[in-house]
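I opened this model with a notebook beside me. Below are my entries, in the order I looked things up.

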Amino acid sequence: MRTIGIRMPALAAAVLLAASPAAAQTNDVQALRQEVEQLRTELASLQRQYADRLAALEARLGAAQGAPAVPAVPPVAEVPAGAAGAGPAGPLPVYGAPTAGSKIFNPDIGMIGNFLGAVGSNQGGSETIAPTPFMTLQESEASFQAIVDPYARADFFLAVGEEGIEVEEGYVTFPTLPGGLLVKAGKMRANFGRLNAFHNHSLPWIDRPLVMYNLLGGSPDEPDTGIKDAGVSVNRLIPAGSLFLEATGEIYRGDSGTLFKTARLRDFAALGRVRGYVDLSDDANLETGVSYTRGHNDLGSGFITELYGTDLTFRWRPLSRAIYRSLAARAELVWSRRQEAPSLQRAFGFYGSLEYQLQRRWFVGGRFDQAERALNAAVRDRGVSTMLTYWPSEFSQIRGQYRRTRYGDDRRVANELLFQLLFTIGAHGAHPF
Amino acid sequence: MRMLVRPVVAAMAAVALTAVTATAQSKVNVVTSTEDLASIAREVGGDRVNIIALARGVQDPHFVEPKPSFILAVNRADLYIAVGRELEIGWLPPLLTSSRNARIQPGARGYLDASLNVRILDIPTGQITRAMGDVHPLGNPHYWLDSGNGRRIAQAIRDKLSELAPDGRASFAQRYDDFDRRLAAAEKRWDAALAPYKGTKLVTYHRSWPNFMDRFGLEVIGYVEPKPGIPPSPSHILALIEEMKRQMVKVIVVEPYFSLRTPQSIASQVGGRVLVLAPSVGGAKEATDYIQLFEYNVRLLAAALKDVTGK
């Protein structure tokens, strides 16, 4: 490439020199100009041809070298010849700029800071809702993600609190199994309903709705509620034409918050979910699912808690204005049947929420939620929230939420103003859907 | 009972027959990230391939939602063609993982990164941080907007299809040669149409056009976005207007997925005009395939530049 670069101007100069006496003889400046212009075009086209041919040659070379299925060298991006001004020549590291070869295999690392603030009266006389402190770096999420080998990838999400670190999720995924199966093993947020699998930072609200605290195993000291446990998840697509249909079966150890407790090895928890999705148009889609899970509760091996759930999500996002406008409507209903010594506690909870994107950076939303308590279904808590979200960039988010909760046990009301600042550093994670 | 047997057998036979026909005409199922790659793959593959493009041409290819319906498409793919250079980093990885398709996982035979043998611009040198906005550390991913790169993508697709479906090798080679000829003829037209405006300065909304502008010798002096992926701010707009006035820049090129409000107000301040070009096949009604995409953009751009330069 460089030799060509040097030779070309030399060649051009020689041609020009040879051409100039002829032009001088005719004394025709116009003709000379035309000739120079013509030469210039020819030179440019020659250069382009060389660049194309070199690129083609390199492509062939690359194809010949890259023939084995498992390349001996990590994937590199070649800067093709002819890329004038394109920066450094030669191979480029794919995962950043390592100083040692071993760093190339380091996982993608990301960190999402989650700074929370709250004001208002949170003296509702209830211990159901995790009280939000005045200010806290509540739970930041560290993520480590990489491909393990040709058969598996691994994802770790660590919840980093102000005082400790907990494995939020850590699992291996086998995406290339026969039979169209997708298998995960490790600690995971269970696929119960829609919301349970969401990480805190990808929620459309600052908090989680009451139903997750009351029925899915929340407790006052555990603001990050939901079913999460160590287990295995098997997932398969069900052929149904253009309809997306997916069935999931999961088995867990049987320890999850205050929901499931295991006393013996065989007290595991099981879960099943069927999820359907259909595109209504290029701009709108509908997703729905039914879920079931059962496990042993804190009263002992003889006592089972079962949860039934159904969820519905409608999304609208006009394709050509996708970064400016969108709407999502969600609803989720959960029924709990908890075996207790004399009888059965049947509790019900739900939430409905709407988010609308006004502009590229502004979102508004509202949520209504209501849930009876799993341990005492006679007590019903109700909440209403409104949200306003601002995105300075793709990597940070500022959100305010007004939350009014009417607790069922003593009819007291809590009015709170929550504030959240999310900020992401490191690897560019995928956007949640 | 007997009355039932006949229709059942007939139905089974029909099913068996359709199955046989289906295998006889087995096509390569290709899924591409964008409509540009789909169009080039169609040129090379012809009727030996079935092609689905995930992102539409009117869509910002950085922000595509990984919809479950895409999982269905990727699940059935024999070949996935990605733009690469981290353009799809926000949406492709989860789609590939949940596709349950071993054939198209990165590193497998059925995964083609179209960017590996093309001419890439804007590869950052030195330290890069997100203070520069949403920079692409591996270079500008909008490389298909240079028709020379289109040719290289077509070569890569030809070779990959020949590897996956050796029966079609001759057909792919012949179709590629045909595409190459038509593209070369069209390139002459485009070069001629824009030749009078070589060196003309422009402003674009996002950094989608370096390969296109470089190909035709046009100079981009600024962007409506202060930094890649960051929406325009008032101070940046004021500075841009000053700079456009100083350098007598009259044309602002905008992608169809950005709001026209800010570009229009800038244009009215500098006495210029806003030009919505198609960055991808399908980005405008007339941009029906890869060659038409350039036809459309070159025609619009040449007309606009003729107006403002008077050449």
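**Entry 1: where the chains meet.** I began with the contact between the two chains of this predicted model. I found 50 residues of chain A in contact with 50 residues of chain B. Which elements of chain A supply at least two residues each to that side? I noted α2 (29-65), β1 (77-79), β8 (181-189) and β11. The largest share comes from α2(A), with eight residues. I then sorted the side of chain A that touches chain B by class. It has 26 nonpolar residues, 12 polar ones and 12 charged ones.

**Entry 2: a helix of chain B.** I turned to α3 of chain B, residues 68-75. Are its residues mostly buried or exposed? Six of the eight are buried, so the helix is largely enclosed by the rest of the structure. I listed the buried ones: B:Pro68, B:Phe70, B:Ile71, B:Leu72, B:Val74 and B:Asn75. What covers them? From chain A, the cover includes β9, β10 and β11. From chain B, it includes β1 (28-32), β3 (79-82) and α4 (92-97).

**Entry 3: the strands of chain A.** Three strands of chain A were in that cover, among others, so I followed how they pair. Strand β9(A) covers residues 228-237 and runs antiparallel to β10(A), with seven bridges joining them. One partnership I checked was A:Leu237 with A:Glu246 in β10(A). The two strands form a hairpin with six residues between them. In the turn, A:Gly241 has a positive phi of about 65 degrees.

I moved on to β11(A), residues 269-279. Nine bridges join β11(A) to β10(A), and this pair is antiparallel too. Here A:Thr248 has A:Arg273 as its bridge partner.

**Entry 4: two faces of β10(A).** In a regular strand the side chains alternate between the two faces of the sheet. I looked for that pattern in β10(A), residues 244-252. Which residues point to the buried face? They are A:Phe244, A:Glu246, A:Thr248, A:Glu250 and A:Tyr252. A:Leu245, A:Ala247, A:Gly249 and A:Ile251 point to the other face and are not buried.

**Entry 5: how far to trust it.** Last, I checked confidence. Chain A averages a pLDDT of 82, and 78% of its residues score at least 70. I marked two stretches of chain A where pLDDT stays under 50. Residues 8-24 are one, with 11 contacts beyond four places in sequence. Residues 66-77 are another, with 13 such contacts. Where pLDDT is low, the predicted coordinates should not be read in detail.

Key. Residues numbered from 1 in each chain as written. Chains lettered and ligands numbered in written order. Predicted model: local features only at pLDDT ≥ 70, side-chain atom pairs only at ≥ 80, totals over all residues. Buried ≥ 20, exposed ≤ 12 C-beta atoms within 10 Å, placed from the backbone. Helix = DSSP H or I, 4+ residues; strand = E, 2+ residues; numbered from the N terminus. Pairing = 2+ DSSP bridges. Contact = placed C-beta atoms within 7 Å. Nonpolar A, V, L, I, M, F, W, Y, C, P; charged D, E, K, R; others polar. pLDDT = per-residue confidence, 0-100.
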